[in-house]
Amino acid sequence: MVIWAALVGAFIGWLWSDFEDYGVLLGGICGALAGLGLRTAVRAEVSRTIEAWHAGVPSISPRPLAEAPEFLPPSDPPVVPRPAVARIIRQAAPAMPPAPEAGDVAPASSEPSPIQRLVSAAKDWLMGGNTVVRLGLAILFVGLTFLIRYAAAAGLFPIELRLAAVALTGVALLAFGFRSRIARPMFGLSLQGAGVAVVYLTLFAAVKLVSDFPVLAAFAMMILVCALGCALALSQSSQALALTAFAGGYATPMLLSDGAGQVAGLFAYYSILNLAVLYIASRRAWRLLNLLGFFATFGVATLWMAGGYRPTDFWVTQAFVAASVLIYLAAAVLFARRTPGRIGAVVDTTLLFGPALAGFGLEVALVGDRPFGAAFAAVAFAALYLAVAIVVTRRDAERFRVLHDAMLAIGVGFVTLAVPLALGARWTSAAWALEGAGAFWVGMRQARWAPRLFGLLLIGVAALIFLSETQGNVAMLPIANATFVGAMLIAGAMLATAWWLREPTPQTGSWLARRYISIERALGAPLFLAGFGFWWLAWIMEAQRRLPPFTNDDVAKPVFDPAMALLLPMLAFVLSAWGARTLGRRTDWAVASWPSFTTLSVLGAFFVGALAQGSHLALAPDWILWVAAIAVHLWLLRANDRDFDSPGVRVLLTGIHVGGVWLATAMLADCLWLAVDRARLWNTSWAGVVFSASVTAVLIALTLWAGPALRRGGRHWPLDRHAVAYGWIAAAPVAALGFVGALLTALIASGETAPLPYLPLLNPVDLCVALAIAALLIWRRAVLAADPLPVGAAALRGPTVGAAMGLLMFVAVTTVWLRVAHRWLGVPWTADALLADFAVQTGLAILWTLIALVLMVWAHRKGQRLPWLVGAGLLGLTVVKLLLVDMTNSGGGARIVAFIGVGALMLVVGYLAPLPPRRAAKEG
């Protein structure tokens, strides 16, 4: 309806605007709007009619009943509309959601987000049973603060009187809250906490506002307030009250400090508070109080160490750090004793790990400037945590198992940390790797996942540290140096762990153990490959080892020359792959055979590296290493062919055979380039035919070797199973490269044959191109004779391949004349010079006509129309060239020769090779 209205409106607007374009646009818009409004009204009317029918009322409007009584008589029930009307009603009726059935249940609401839970918790705290008290106390505290500030600014009362009034208010809150502790506990505790805070505030204000107020007296009174708050908290089991009291106690030194720097008194005061926290920890499992004391103690100590530490304070600081670590470590143990959990005692990780990290950091700041001071500090912390782990286990091993494991992990971690603090990075990484392997072995023997996870992480960290510190190997002794031994030890740890992961490791039934085991089972192969990589890295670093300088003016000298330093790791890899495969086959360790499938990639990578260094395969003594490496690679390839039969491995092995052919092609080209280099023939065509010659030689070898196996099958390895791989899969890209190489050689090579004289058809360019064409034709025939025909080889019968070969032959014959003109006629070997020389153009015209003649005569005798038409096309191209190019040579003899020669040859063609008739269609 909308579309038709828009069309009608556009037509009317076009007529109304005297056939202008804007009338069509305006009329179409107006018509579309009118149609849209009409469609909405119709649908609304139909919807009301449907609703009336559902309600049992024939109609809701008297006019339709009067106009159409035959459809809806007043006494009859609703009439079912006809199909067309029903379709309109279905389109116009709005979609109504189905009514829920009786058995339906409303979907459950989603879980609240963390923000929603936080808002809910704040709302519960504020709107709890003592909301009014909490708000009132907050407002009261703020009001007292404002009162003090206002009174001090206005000078209304003496400062002593004002402070005394505030202090009395705090004492009154304490007294009234204590009296209400039984009848209204929450109300009483809130008042007591506010009272303690008010007294703290008053004492602080007295010191800051009253000039002659004794600081020591205020200090003593704050200690008394803290002790009183602690006693009240214990008697009423209120952690909140204890937090208030201790917060003021820890803040007192900072609030009342005069900058005198009495560090001994400060540390003594904090130690007394920490002992009080420890005393409470022995009776109450108040975690927040423990955390308050821990962060206050170590936070203040860290700030003081950063700004106020002097060497004369060493022993005082040392005693305070040691006492604080012992106190809060004991608090962690006491918290675990008093907090049972689902799987044993609950461990407060902050109190367990916090003293170790914060205390060790302070200790390193104290003794870091002493020889091996940090290492001895790590050993001391390790001894402490290991000793506590042993003591805890003796009391109740099953209950404190989580605590024991955590302390054991921290202790082992400090032992691990002591190694790099005392030794170099390479020896450190090696020691860590061995330690990680040992931890994994212990965890495996005890069926515990945590030590195994720690061992794996430690091995990974050791490997990363070693790689980050490996910048070269400068050592006098071969093999027995830190770099080689360190890499070997890391490799040994990884390989040993991978060996232990060959079989499923024992486990407990816990949820964490099951989740960890699902990850651990997938680490066997990666660990072996990483271990094999570090094994190989050790040999790489040994091959690149340099001797240390003997004098200050000397520099480190490499043991091997760059070429040998590159090839020795290659030989080490293939020999290591051979050893790993032998071990894997004897022990049924499948992953150990994986490196043997990568030797071809390694050979290719090092071949490219040698080329980048300017080295060559055939140089002595490099060729000895290459021969040895290739021999090991072929042995591994044959052994894998014999021992593996799965489809996926067969495909991989086929790819290795094919890749070997391509690598051999590149290696042969490198040997030919070396010969050209030694003969100093880079500026001749001998260098230009190297690539094409190597590809052609490989293609001929593949055809002669694998061609018979394609027809009747091979009898010996590798043709007994890879004949198609060599004769078709590997040879097809080689053939394509041979085609491209021959084409480029024919077009680019100028025929410089020094030191030999140039002879047409008997020079390296023409011979190489002709040999490539012959090799391509022979290979194509051998593949098409295969039984069965390889997949995709049928394309060699298609017209595309025939046209490509014809183009290559045409270019080869044409460029023979161009090189003759260049070498004998002195025409420069550039496209512009060759195109501008009329002698060259005349020769091309006669040559193309001869080619067309031969092609058309041969086609006529064979009765084939397509080759004849190709020759005719070439002949037509020659005529066009005569008219466009040779015609411009006015008065030149070349133009005469061209026209006469081409004309005569065309007469010969017309006489000897008329168009062959079409072959009659075969009957049946």
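In this predicted model, R448 counts as buried because its relative accessibility is 14%, which falls under the 20% limit for that class. The residue sits in the loop between helix α17 (425-445) and helix α18 (449-469). Once its neighbours within four places in sequence are set aside, R448 is in contact with R401, H404, D405 and G443. R448 and T505 are 57 residues apart in sequence, yet their C-alpha atoms are 9.5 Å apart in space.

**A buried pair between two helices**

T505 also appears among the residues around E520, which touches F440, R452, L501 and T505 when residues up to four places away in sequence are not counted. E520 is found in helix α20, and it counts as buried because its relative accessibility is 1%. Which residue forms a salt bridge with E520? The partner is R452, and the closest N and O atoms of the two residues are 2.8 Å apart. This pair links distant parts of the chain, since R452 belongs to helix α18 while E520 belongs to helix α20 (residues 511-520), with their positions 68 residues apart in sequence. R452 is buried, and E520 is buried as well.

**Salt bridges elsewhere**

Side chains of opposite charge can pair when their charged atoms come close. In this protein the count comes to 10 salt bridges, and three of them are set out below with the distance between their closest N and O atoms.

| Arginine | Acidic partner | Closest N and O atoms |
|---|---|---|
| R452 | E520 | 2.8 Å |
| R642 | D643 | 3.2 Å |
| R678 | D677 | 2.9 Å |

The surroundings of the other two pairs can be described residue by residue. R642 is exposed, because its relative accessible area is 52%, whereas its partner D643 counts as partly exposed at 25% relative accessibility. R678 counts as exposed at 54% relative accessibility, while D677, with 29% relative accessibility, counts as partly exposed. Salt bridges that share partners also join R581, R585, R642 and D643 into one network.

**The nonpolar cores**

Turning to the nonpolar interior, the largest nonpolar core has 63 residues, and those with the most contacts inside it are F534, M570 and W626. Which helix gives the most to this core? The answer is helix α22 (residues 562-587), which contributes 10 residues. W626, one of the residues with the most contacts in the core, is in contact with L567, M570, L603, F606, F607, L617 and M667, leaving aside its neighbours within four places in sequence. A second core, separate from this one, has 59 residues and includes Y270, A301, F314 and A418.

**A nonpolar patch on the surface**

Nonpolar side chains are also found on the surface, where W673, W682, F691 and L737 make a patch of about 380 Å². One member of the patch, L737, lies in helix α28 (residues 719-748). Is L737 exposed or partly exposed? Its relative accessibility is 42%, so L737 counts as partly exposed, because that class lies between the limits of 20% and 50%.

**Cysteines**

A disulfide is a covalent bond between the sulfur atoms of two cysteines. How many disulfides are counted in this model? The count comes to zero. Two cysteines can nevertheless be described by their exposure: C671 counts as partly exposed because its relative accessibility is 28%, whereas C768 is buried, with a relative accessible area of 8%.

**The protein as a whole**

The details above belong to a protein that has 34 helices and four strands. Of its 924 residues, 41% count as buried, and R448, at 14% relative accessibility, is one that counts as buried. The protein exposes about 50200 Å², of which carbon and sulfur atoms supply 70%. Among contacts between residues at least 6 apart in sequence, 71% join residues at least 24 apart. The salt bridge between R452 and E520 offers one example of distant parts of the chain being linked, the two residues being 68 residues apart.

Conventions:
Residues numbered from 1 in each chain as written. Predicted model: local features only at pLDDT ≥ 70, side-chain atom pairs only at ≥ 80, totals over all residues. Heavy atoms only, no water. Core = buried A, V, L, I, M, F, W, Y, C linked by side-chain atoms within 4.5 Å. Buried < 20%, exposed > 50% of the residue type's maximum accessible area, 1.4 Å probe, protein only. Contact = heavy atoms within 4.5 Å. Patch = residues over 30% accessible without salt bridge, like charges linked within 9 Å, V, L, I, M, F, W, Y side chains within 5 Å. Areas by Shrake-Rupley, 256 points an atom, 1.4 Å probe, with all protein chains shown as cover. Salt bridge = Lys/Arg side-chain N within 4 Å of Asp/Glu carboxyl O. Disulfide = S-S within 2.5 Å.
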